[in-house]
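I sat down with this model and a fresh notebook page. My plan was to look up strands first, then hollow spaces, then a couple of residues.

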Amino acid sequence: MIRIGTQGWSYPDWVGTFYPPGAKQEHFLPFYAGVFDTVELDTTFYHPPRPTIVRSWDRNAPAGFRFAAKVPQGITHTARLSKVGEQMVDFARALEPLGEKLGPLLVQMPAEFTRDEGSAGLLDRFLAAAPGGVRIAVEFRDRSWHVPATYDLLRARRAALAWTEWRDLPRVSEVTADFLYLRWLGDRREIATYDRVQIDRAGAFDAWERDLARALPEVREVYGYFDNHWAGHSPASANEMKRRLGLLPVEWKERWTQRELF
């Protein structure tokens, strides 16, 4: 199962380009979930969601949809994974209303989180104590983690190494779990509006396509998410990757005439 989507869905610049002209905030998720079958929740990075919000997400997405959720920054950036067991339990509990619609949790570590004996031990203890039943992907933003010992640790804990394209960070493509977690990021300084593709990423698409073709036989599921800053308009990037992987993309403008949506 390959699921490709975007990082978030609530962008005013998408109205009239992805969302139909005149679409309101309450229309966004139901329309998005008719085009893509997964999304990465960025809002959870800032604070755990309220139960009413989680139930709204569940209500506005069909069966088979998957929400990946970023672990709160209080756990990853403030505490740096130290003594956060109770916080992780609370976070996982907050997402329980999603039921089977909950995808992996993304542990996005800051660039300042470099690898040494102490930080590797923190990561190992964090993964060992993770709530049961959740899948975890880990994103490192410092190249010191790009070593075999890291991959072995993740494999032992059945956590996925997030394949990330971000600025000048070397891209790694190690398979460490039975699923892949992919993130296409960009430089926020290069993109000001999100209404159209503004950067030609053909070469990067080619490289990702090759790496994925190699890795797909090794995994059961793939979750991939584009940021607007990668090329300018993440829905277009997501559909391009779907086409390259042999998936049938939904052309969102064909759904604009379905007035019953609103």
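Here are my entries, in the order I made them.

**Entry 1: what I am looking at.** I note before anything else that this is a predicted model.

**Entry 2: strand β1.** I began with β1, which covers residues 2–7. Is β1 mostly covered or mostly open? I found it mostly covered, with six of its six residues buried.

Next I looked up the partners of β1. With strand β8, residues 221–226, I found parallel pairing over five bridges. In that pairing, I2 has V222 of β8 opposite. I also found β1 paired in the parallel sense with strand β2, residues 38–41, over two bridges. Here Q7 has E40 in β2 as its bridge partner. I then followed the chain from β1 to β2: the path goes through helix α1, residues 25–32, and I logged this β-α-β crossover as right-handed.

**Entry 3: the largest pocket.** How much space lies in the largest pocket? I read about 640 Å³. Its lining is made of 32 residues, and the closest to the pocket centre are Y11, D42, T43, Y46 and K70. I checked which elements give two or more residues to this lining, and they are β2, α2 (51–59) and α8 (228–231). Sorted by class, the lining has 11 nonpolar, 12 polar and nine charged residues.

**Entry 4: the second largest pocket.** I noted a volume of about 290 Å³ for this one. There are 14 lining residues, and V134, R135, R158, D178 and F179 are the closest to the centre. The class split caught my eye: eight nonpolar, six charged and no polar residues.

**Entry 5: cavities.** How many cavities of 30 Å³ or more are there? I counted one. The largest cavity has a volume of about 60 Å³. I wrote down its lining as F140, H146, L161, A162, W163, T164, L169, P170, R171 and V172. By class, that lining has seven nonpolar, two polar and one charged residues.

**Entry 6: D42.** I went back to D42 since it had turned up among the residues closest to the centre of the largest pocket. Where does D42 sit along the chain? I placed D42 in the loop between β2 and α2. Its relative accessible area is 28%, so I logged D42 as partly exposed; that class runs from 20% to 50%. I then looked for side-chain partners and found a polar contact of 3.0 Å between the side chains of D42 and K70. K70 is also listed with D42 among the residues closest to the centre of the largest pocket. For a distance along the fold, I took P20, which is 22 residues from D42 along the chain, and the C-alpha atoms of the two are separated by 23 Å.

**Entry 7: H233.** My last stop was H233, in the loop between α8 and α9 (234–244). Is H233 buried or exposed? I have H233 down as buried because its relative accessible area is 4%, and buried means under 20%. What does the side chain of H233 reach? I found the backbone oxygen of Y194 at 2.8 Å from the side chain of H233.

**Entry 8: for my next page.** I am keeping two contacts at the top of the list: D42 with K70 at 3.0 Å, and H233 with the backbone oxygen of Y194 at 2.8 Å.

Conventions: Residues numbered from 1 in each chain as written. Predicted model: local features only at pLDDT ≥ 70, side-chain atom pairs only at ≥ 80, totals over all residues. Heavy atoms only, no water. Buried < 20%, exposed > 50% of the residue type's maximum accessible area, 1.4 Å probe, protein only. Helix = DSSP H or I, 4+ residues; strand = E, 2+ residues; numbered from the N terminus. Pairing = 2+ DSSP bridges. Right-handed = clockwise from strand over helix to strand, strands pointing away. 1 Å grid on protein atoms, 1.4 Å probe; cavity = no way out; pocket = protein on both sides within 12 Å on 5 of 7 lines; lining within 4 Å. Points joined across faces, edges and corners; volume = space filled by probe spheres on them. Nonpolar A, V, L, I, M, F, W, Y, C, P; charged D, E, K, R; others polar. Polar contact = N/O pair within 3.5 Å; in protein donor to acceptor, adjacent residues only side chain to side chain.
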